[in-house]
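Grab a coffee and open the viewer: here are a few exercises to work through at your own pace. Try each task before reading its solution.

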Amino acid sequence: MSFLSLLFGGGALDPDKFEVLDKNAFKAAIRNKKVQLVDVRTAGEYRTGHIGKAINIDFFQGSDFKSSFEKLDKGKPVYLYCRSGSRSRKAARKVLDMGFEKVYDLQGGYMQW
(Lines give C-alpha, C1' and ligand atoms only; values in the text may rest on other atoms or scores of the structure.)
Protein backbone atom coordinates (compact mmCIF):
# COMPACT_ATOMS: atom_id res chain seq x y z
CA MET A 1 0.00 0.00 0.00
CA SER A 2 1.40 3.38 -0.93
CA PHE A 3 1.97 6.23 1.50
CA LEU A 4 -0.86 8.23 -0.12
CA SER A 5 -3.22 5.28 0.14
CA LEU A 6 -2.42 4.97 3.82
CA LEU A 7 -2.82 8.71 4.36
CA PHE A 8 -6.05 9.14 2.42
CA GLY A 9 -7.66 5.76 3.02
CA GLY A 10 -7.12 4.28 -0.41
CA GLY A 11 -7.52 0.67 -1.36
CA ALA A 12 -10.57 -1.42 -1.91
CA LEU A 13 -13.17 -1.97 0.76
CA ASP A 14 -14.37 -5.53 1.38
CA PRO A 15 -17.29 -6.06 -1.05
CA ASP A 16 -18.95 -8.40 1.47
CA LYS A 17 -19.15 -5.54 3.96
CA PHE A 18 -19.38 -2.42 1.78
CA GLU A 19 -21.64 -1.60 -1.14
CA VAL A 20 -22.31 1.57 -3.10
CA LEU A 21 -25.97 1.95 -4.07
CA ASP A 22 -27.37 4.22 -6.76
CA LYS A 23 -30.11 6.65 -5.78
CA ASN A 24 -32.99 4.30 -6.61
CA ALA A 25 -31.52 1.30 -4.79
CA PHE A 26 -30.67 3.50 -1.79
CA LYS A 27 -34.22 4.90 -1.68
CA ALA A 28 -35.69 1.41 -1.88
CA ALA A 29 -33.40 0.15 0.87
CA ILE A 30 -34.34 2.87 3.35
CA ARG A 31 -38.03 3.18 2.43
CA ASN A 32 -40.49 2.16 5.14
CA LYS A 33 -37.78 0.62 7.26
CA LYS A 34 -36.18 1.57 10.52
CA VAL A 35 -32.59 1.80 9.36
CA GLN A 36 -29.42 3.38 10.63
CA LEU A 37 -29.26 6.27 8.17
CA VAL A 38 -26.33 8.62 8.77
CA ASP A 39 -25.44 11.91 7.12
CA VAL A 40 -21.68 12.42 7.64
CA ARG A 41 -21.64 16.04 6.43
CA THR A 42 -21.11 19.02 8.72
CA ALA A 43 -23.96 20.31 10.88
CA GLY A 44 -24.28 23.33 8.57
CA GLU A 45 -24.64 21.14 5.51
CA TYR A 46 -27.16 18.95 7.33
CA ARG A 47 -29.28 21.98 8.25
CA THR A 48 -29.57 22.97 4.57
CA GLY A 49 -31.36 19.68 3.88
CA HIS A 50 -31.00 15.98 4.54
CA ILE A 51 -32.62 12.65 3.73
CA GLY A 52 -35.66 11.75 5.82
CA LYS A 53 -34.79 10.55 9.29
CA ALA A 54 -31.03 10.66 8.85
CA ILE A 55 -28.99 11.47 11.91
CA ASN A 56 -26.01 13.78 11.55
CA ILE A 57 -22.59 12.47 12.59
CA ASP A 58 -19.98 14.87 11.22
CA PHE A 59 -17.04 13.00 9.69
CA PHE A 60 -14.66 15.80 10.71
CA GLN A 61 -15.48 15.61 14.42
CA GLY A 62 -12.88 12.96 15.30
CA SER A 63 -13.64 11.49 18.72
CA ASP A 64 -17.28 12.66 18.56
CA PHE A 65 -17.61 10.80 15.25
CA LYS A 66 -16.37 7.60 16.85
CA SER A 67 -18.40 7.92 20.05
CA SER A 68 -21.58 8.67 18.09
CA PHE A 69 -21.13 5.56 15.96
CA GLU A 70 -20.43 3.50 19.10
CA LYS A 71 -24.07 4.15 20.08
CA LEU A 72 -25.35 2.42 16.93
CA ASP A 73 -25.93 -1.31 16.48
CA LYS A 74 -22.86 -2.84 14.81
CA GLY A 75 -24.88 -5.88 13.74
CA LYS A 76 -27.34 -3.85 11.66
CA PRO A 77 -26.48 -2.24 8.32
CA VAL A 78 -25.52 1.43 8.25
CA TYR A 79 -26.55 3.64 5.32
CA LEU A 80 -24.18 6.56 4.82
CA TYR A 81 -24.09 9.61 2.63
CA CYS A 82 -22.25 12.90 2.37
CA ARG A 83 -22.28 15.69 -0.20
CA SER A 84 -20.67 13.87 -3.13
CA GLY A 85 -19.59 10.43 -1.92
CA SER A 86 -15.98 11.07 -0.91
CA ARG A 87 -16.43 11.60 2.85
CA SER A 88 -18.94 8.78 3.16
CA ARG A 89 -16.45 6.38 1.55
CA LYS A 90 -13.83 7.44 4.12
CA ALA A 91 -16.42 7.22 6.88
CA ALA A 92 -17.33 3.70 5.73
CA ARG A 93 -13.73 2.62 6.16
CA LYS A 94 -13.68 3.98 9.73
CA VAL A 95 -17.04 2.42 10.58
CA LEU A 96 -15.99 -0.97 9.24
CA ASP A 97 -12.74 -0.72 11.23
CA MET A 98 -14.92 -0.17 14.31
CA GLY A 99 -16.55 -3.56 13.74
CA PHE A 100 -19.74 -2.76 11.85
CA GLU A 101 -20.83 -5.68 9.69
CA LYS A 102 -22.37 -3.95 6.65
CA VAL A 103 -22.19 -0.42 5.25
CA TYR A 104 -24.07 1.00 2.28
CA ASP A 105 -23.04 4.27 0.63
CA LEU A 106 -25.15 6.55 -1.57
CA GLN A 107 -23.46 6.90 -4.97
CA GLY A 108 -22.82 10.57 -5.73
CA GLY A 109 -23.99 11.61 -2.26
CA TYR A 110 -26.70 14.11 -1.42
CA MET A 111 -25.97 16.02 -4.64
CA GLN A 112 -27.49 13.08 -6.55
CA TRP A 113 -30.48 12.73 -4.23
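**Exercise 1. Work out how Arg41 is placed and what surrounds it.**

Step 1. Start with accessibility: Arg41 counts as buried because its relative accessibility is 3%. The classes are buried under 20% relative accessible area, exposed over 50% and partly exposed in between, with a 1.4 Å probe and protein chains only.

A quick word on the model before going on. It is a predicted one, where local features need pLDDT of at least 70 and side-chain atom pairs count only at pLDDT 80 or more, while totals for chains, interfaces and linings use all residues. Residues are numbered from 1 along each chain as its sequence is written, and side-chain values use heavy atoms, leaving out hydrogens and water.

Step 2. Find Arg41 in the chain: it sits in the loop between E2 and helix H3 (43-47). Helices (H or I, at least four residues) and strands (E, at least two) are DSSP runs, numbered from the N terminus.

Step 3. List the neighbours. Not counting those within four places in sequence, Arg41 has contacts (heavy atoms within 4.5 Å) that include Tyr46, His50, Asp58, Tyr81, Arg87 and Tyr110. Tyr110 is 69 residues away along the chain, yet its C-alpha atom is 9.5 Å from that of Arg41.

Step 4. Look for polar partners. A polar contact is a pair of N or O atoms within 3.5 Å; within protein, one must be able to donate a hydrogen and the other to accept it, and residues adjacent in sequence count only if both atoms are side-chain atoms. The Arg41 side chain makes one with the side chain of Asp39, at 2.7 Å. A polar atom of that Arg41 side chain also lies 2.5 Å from the backbone oxygen of Gly49.

**Exercise 2. Describe helix H2 (23-30) from its start to the residue after it.**

Step 1. At the N-terminal end, Asp22 acts as the cap: one of its side-chain oxygens is 3.2 Å from the backbone nitrogen of Asn24.

Step 2. Which residues of H2 are buried? They are Phe26, Ala29 and Ile30. Viewed down the axis of H2, the buried residues fall within an arc of 85 degrees (taken from the directions from the helix axis to the C-beta atoms), so they line one face. Their cover includes strand E1 (18-21), E2, E4 and strand E5 (103-106).

Step 3. Next comes Asn32, which follows H2 and has a positive phi near 55 degrees. Asn32 belongs to the loop leading to strand E2 (36-39), and it counts as exposed because its relative accessibility is 77%.

**Exercise 3. Draw the sheet and place H5 on it.**

Step 1. Write down the strand order: E1-E5-E4-E2-E3, an open sheet of five strands with parallel pairing. Two strands pair if DSSP finds at least two bridges between them.

Step 2. Mark the edges, E1 and strand E3 (55-56), each pairing on one side only.

Step 3. Add the E1–E5 link: four bridges join these parallel strands, and Glu19 is opposite Tyr104 in E5.

Step 4. Lay H5 on the sheet, where it touches E1, E4 and E5. Its direction makes about 175 degrees with that of E5; axes are lines fitted to C-alpha atoms, for helices over the stretch in contact, and angles run from 0 to 180 degrees between N-to-C directions.

**Exercise 4. Find the largest nonpolar core and say what supplies it.**

Step 1. Set the rule: a nonpolar core is a set of buried Ala, Val, Leu, Ile, Met, Phe, Trp, Tyr and Cys residues joined through side-chain atoms within 4.5 Å.

Step 2. The largest core has 19 residues, and those with the most contacts inside it include Val38, Phe65, Leu80 and Phe100. Helix H4 (63-70), strand E4 (78-81) and helix H5 (86-97) each supply at least two residues, with H5 giving the most, four.

Step 3. Apart from this core lies another, of eleven residues, among them Leu21, Ala29, Ile30 and Ala54.
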